[in-house]
Structure formats: C-alpha cells, structure tokens
Amino acid sequence: MRDFSSFKRVVVKVGTNLLSSADGIDEKRIDSLCSQIADLRDMGYQVLLVTSGAIGLGAKEIKHKNRVVHIPMRQACAAIGQPILMEHYRRAFSQHKIVCSQVLLTRNDLNNRKTYNNLRSSVSTLLALGIVPIFNENDVISTAEIGSAFGDNDRMSAMVASKIDADLLILLTDIDGLYTGNPKSDKNAVLIKDIVKIDSTIMAYAKGAGSTFSTGGMKTKLLAASIASMAYCGTVIASGYEKDILVRILKGEEIGSYVHPGRKLNQRERWIINNSHMGTIYVDEGARQALFGHHSLLPSGVTRVDGVWEVGDVVAVGGPDGRVFAKAVPYFNSTETALMMGHKSQEIESIIGEGKKDCIFRPEDVVFLNDAESL
C-alpha cells in the first residue's frame, strides 16, 4: 500500500481520448470524474483539475475528422470547444453542489514572475472558497511559434502542480501506466509500479504518440512527472478507465505507476527551471566546473551567446560539448553578455559602464538540470 495520508492538495489531469466519444464528449466519463473529485473533497483533499479536450470537441462540433494541425484551425476549434467542455463540467459538478471555475493559461503566464504570483494568489483564493479550479491551455491565443504554448497538458499540469505546492499529480490516460514494452504487442511487458528516479533508462521505455486529437504520449507524462518531482510532488500515471480510480489511488492502492518525489527546490528555483529560456550562454570547462562548485559565472568563462534576452529573463547554460546543463537568470541582457564574453571582470565597467555587477550571474541565480530534464 502507498501512504498518501499526509497529502492535502491534488492535481488531476485528464486527457482528450478519455473524454471523447464518437459524437463528441463522453458525459458518463465526465460525471464519473466529477463524482470522484467530490469524494476526494469529502476525504479532505483540495483538488485542482487540468483538462484537455477543447480542440477535439471543437473539431467534432464542426465535423472535422482528421488531426488538427494548422494553427488557425486549432485556435478556432479551441474557441468552439472550450465553452462546450466547461458547460459539461459545470453541469456535472452542480450535481454535487460544487462550483467550478475556468483558468486558461499560456506558457507566458507562468514565465512572467508577476503574472505567476498573481496566479498563485487567485488559485489560493478559489481553493479557500471551496471552488474547483479547472485549468486548460489557452489554445485560442497560444502558439509554439511565439513560445507561448506548453506543448501538451501533461507538462502544463505538472507546472500547475509545482506552482501551487501540490502533494500529488495524477495523470489519467488510456493505459495502466509505464510498461517495459508495449503491452498490446509484447506479452513479456511488465508494469513498472514504482519509479524512484526518472533517468535515461526509464525514458527509454516511453514510446509512441497520442491519439488523433491528443498531443501527449508516455514520454510527455514522464517529463511532467520529472517537473513535479522537483516540487517534491509525487505523480501517479494510471488508466482513467478503471472504476473509482481517483479514490483508489488516494486510499493507497498500488495502481498505475508511481513516480516518487525527488529533490525539493524552492519557489524561485522552480520558476527558473520550468521557465522557457530565451537564449543560451555557452561556457568553457573551467567555468562549468566553477558553477558546479557554487561559484559565480565570470565573463571570461563565456565562449558563445545565442538568442536575445533582457535582464531578468531565463537563459540556458551549455558546456563546451554543447549540452545544456543548467538554467540561470543573468544580470545582463544578450547584447551586454556578448560584449563582455571572454573579458575579465575588472573590464566590465569599461565595456558596459559604471554600476554593473562583476559577474554574469551568481550561484543563487542558477539551477542545474538532471538527466530527464536534459533529454
């Protein structure tokens, strides 16, 4: 048995294919999901829901049968499907006298420190009022081309779990969890019930893509679990087709794959590591070792600068082999960093001007990536 008795805050993510039927949305699935969330609340848990399905519902509403790839069509389908999706949730939760709310996010909302703090405050107020916040990506305005898209709701759910200090993230999908092979074709495939750390071996088990209207596969779920683990949040990947799955998980039944919480980062560290980086600073081996030794990055150790960023933006940090190993918040923009590259610290004033820092960033401004985050 797993012991989740000390947990208080749970994020549940449900995928598109679980909610979909041939005609649109599976109302019985929605009813079951909301009924289980009501049960979890009666058990004393605060529950936040991250839902997919808006694009798929919109596509089915206008009889679009193929995968929606073209960005304007995705945005149009999301605009059509989102109110349909929320109306189903509102109806289902009202049967349990529960009020739900809609929270639409883009990646920029979490990248920006001010809007991120506002989001935490808003969600805390909703939970204090006994309301179930329902999150979805704002696909009407977010696009990968401008860096505002999460890419999939698995990772968005993990970022939400990280930002609001959740204890457990539950990713409901259409399979039982992570297997050592494809259980549909490999009779020797075994379900991995406990995952202490997500490394390259575990990631190698994740293969395949999502269904027609979904974007997430097992790899995105493991990447999501890795994000959650940095917030000391565990993750259960399980089948949403199992009866009373949420209640059974919280009661400790060993169902699905459980990814244990990992290293605990503070809020600022989590904000840095989960933020979209605007560029990359490449350093030599001496500077890389100095950073691992908790020293500041000096301009003399910088070998190359890629991208455009402003002061306060997050950048990636790459080593001499080109592999990114950290993220950081530099004191200088990309132009200033490029001008200082390779110079000594005492030359900064003559290059940039007076009143500037004597290093690119300090140890408290950098977070190192683990194996899964670097994949």
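**Exercise 1. In the predicted model, work out how the strands of the open sheet of 5 strands are arranged, and which of them stand at its edges.**

Solution. Begin with the strand order, which in this open sheet runs E10-E9-E11-E12-E13, with mixed pairing. Strands of a sheet pair through backbone hydrogen bonds, either parallel or antiparallel. Next, look at the two ends of that order: strand E10 (302-307) and strand E13 (366-368) each have a single partner strand, so one side of each is left without a neighbour in the sheet. Then consider the twist, for which neighbouring strands of this sheet are turned against each other by 25° on average, direction ignored. Finally, take one pairing in detail: strand E12 (residues 324-328) and E13 are joined in the antiparallel sense over 3 bridges, and Ala326 has Phe368 in E13 as its bridge partner.

**Exercise 2. Describe how helix H2 (residues 27-42) and helix H4 (residues 71-94) cross, and list the residues through which they meet.**

Solution. Two packed helices are described by the angle between their axes and the distance between the axes. For H2 and H4, the axes come within 9 Å and cross at roughly 50°, and the two helices are therefore oblique to each other. The crossing in which H2 passes H4 is right-handed. On the H2 side the contact involves Glu27, Ile30, Asp31, Leu33, Cys34 and Ile37, while H4 contributes His88, Tyr89, Arg91, Ala92 and Phe93. Sorted by character, the residues of this contact of H2 with H4 comprise 7 nonpolar, 1 polar and 3 charged.

**Exercise 3. Determine whether helix H7 (residues 153-163) and helix H9 (residues 218-229) are roughly parallel or oblique, and describe their contact.**

Solution. The axes of H7 and H9 come within 8 Å and cross at roughly 10°. Since angles under 35 degrees count as roughly parallel, H7 is therefore roughly parallel to H9. The contact brings Asp154, Arg155, Ala158 and Met159 of H7 together with Thr220, Lys221, Leu223, Ala224, Ile227 and Ala228 of H9. The residues of this contact of H7 with H9 divide into 6 nonpolar, 1 polar and 3 charged.

**Exercise 4. Find the salt-bridge partner of Lys13, and state which parts of the chain the pair ties together.**

Solution. The structure holds 15 salt bridges. In one of them, the side chain of Lys13 meets that of Asp154, at 3.0 Å from N to O. Lys13 lies in strand E1 (residues 9-14) and Asp154 in helix H7, so the pair ties together parts that are 141 residues apart in sequence. Asp154 also belongs to the contact of H7 with H9 described in the previous exercise.

Terms used:
Residues numbered from 1 in each chain as written. Predicted model: local features only at pLDDT ≥ 70, side-chain atom pairs only at ≥ 80, totals over all residues. Heavy atoms only, no water. Axes fitted to C-alpha atoms, helices over the stretch in contact; angles between N-to-C directions. Helix = DSSP H or I, 4+ residues; strand = E, 2+ residues; numbered from the N terminus. Parallel < 35°, antiparallel > 145°, perpendicular 65-115°, else oblique. Left-handed = near helix turned anticlockwise from the far one by under 90°. Contact = heavy atoms within 4.5 Å. Nonpolar A, V, L, I, M, F, W, Y, C, P; charged D, E, K, R; others polar. Pairing = 2+ DSSP bridges. Salt bridge = Lys/Arg side-chain N within 4 Å of Asp/Glu carboxyl O.
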